[in-house]
Amino acid sequence: MKKKLISFAKIFLSILALWLVFSKINIEQILNIISSANYFWLLVAFIFFTFSRFAGSYRMSFYFENLGMKLSQIFNIKLYYLGMFYNLFLPGGIGGDGYKVYFLHKHYGAKVKDLINALLQDRISGLFALLILLCSCFGFSSFMNMFGVNLAVLFLVAIASFSVIFYISKFTKKFHSFFAKGFFIAFALQIFQVICALLILFSFGITDNLGNYLTIFLISSIVSVLPISFGGIGARELTFVYLLEFIDQGTEIGVALSVLFFIFTAISSLFGGLFMNIKPE
């Protein structure tokens with residue numbers, strides 16, 4: 001009953017977010033932006049998005065190996081994509097992380113606590129990488145002047161974030177030694193996604209205010225993974241709308257970017273459905 005209520009709440013919040021977005025944008029203009037996009041740049045953008053998925057799978061393999069599970073990279077990729085499928089299409093049910101914990105505990109005997117710690121460490125390294133890139137893009141955005149922030153402050157924020165997250169990682173002793181390696185792979189993953197967003201903007205013919213779009217994209221990436229919506233639907237778009245309005249910039253390009261990035265995610269996640277009958281190696 002509790003899970004059903006959570007699922008209903010997520011669906012309701014996604015619908016509410018989308019309603020707020022559609023009430024503030026010109027839908028016809030967004031469709032025109034997407035339909036007139038340069039398909040070559042979109043293809044290259046999707047390739048970089050796929051690189052980010054492979055990086056995520058590769059990062060998780062280190063944590064699984066430290067638990068005594070030497071899984072092949074092909075198997076890791078299948079399990080990772082299947083997790084994406086459950087996260088997007090069954091967010092109120094078992095969920096991608098929950099499925100991986102269940103599968104690896106059942107078939108490989110790994111302790112549930114250790115698996116949860118591994119997934120937590122994975123999220124921690126990813127969050128830190130996001131914060132570092134966010135500080136970098138923030139320095140080239142309109143937000144920097146609006147808030148009177150200088151590069152020294154951004155550098156201190158990045159160092160403070162690293163210190164806090166590194167300290168938190170100590171509580172998962174089994175994986176603390178993998179923190180640096182996990183972070184660098186997470187950083188590569190986020191860079192691939194930023195490049196993907198940048199190439200989508202190029203496909204629209206956008207070459208101005210890139211710092212603004214990428215800063216909001218990274219903020220929306222943090223918002224979209226919060227368990228408050230159905231697969232992040234609506235949350236990312238709403239972030240673009242309100243933050244672009246805040247800096248007096250048109251919202252349609254940002255929403256179009258968000259929509260195409262979600263389409264990339266959905267296509268990749270749907271591909272993960274092919275592995276629903278995955279068997280242990």
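## Serine 258 and its surroundings

Let us start in helix α13 (residues 252-272), where serine 258 is found; helices here are DSSP runs of H or I with at least four residues, and strands are E runs of at least two, numbered from the N terminus. This is a predicted model, in which local features need pLDDT of at least 70 and side-chain atom pairs count only at pLDDT 80 or more, while totals for chains, interfaces and linings use all residues. Residues are numbered from 1 along each chain as its sequence is written, and side-chain values use heavy atoms, with hydrogens and water left out.

Serine 258 has a relative accessible area of 1%, so it is buried (buried means under 20% relative accessible area, exposed over 50%, and partly exposed in between, using a 1.4 Å probe and protein chains only). Leaving aside residues up to four places away in sequence, serine 258 touches Arg236, Glu237 and Phe240, where contact means heavy atoms within 4.5 Å.

## A buried pair between helices α3 and α6

Now to the charged side chains. A salt bridge is counted when a side-chain nitrogen of Lys or Arg lies within 4 Å of a carboxyl oxygen of Asp or Glu, and this rule gives three salt bridges.

One of them joins aspartate 122 to arginine 59, with an N to O distance of 2.6 Å. The pair links distant parts of the chain, 63 residues apart: aspartate 122 sits in helix α6 (residues 112-138) and arginine 59 in helix α3 (residues 39-66). Both aspartate 122 and arginine 59 are buried.

## A network around aspartate 97

Which residues share a network of salt bridges? They are Asp97, Lys100 and Arg123. Within it, aspartate 97 meets lysine 100 at 3.8 Å, N to O. These two residues both belong to helix α5 (residues 96-108) and are three residues apart, about one turn of the helix.

Aspartate 97 also forms a salt bridge with arginine 123, at 2.5 Å from N to O. Because aspartate 97 is in helix α5 and arginine 123 in helix α6, this pair ties together parts that are 26 residues apart in sequence.

How accessible are the members of the network? With a relative accessible area of 21%, aspartate 97 is partly exposed. Lysine 100 counts as buried because its relative accessibility is 9%. Arginine 123, at 46%, is partly exposed.
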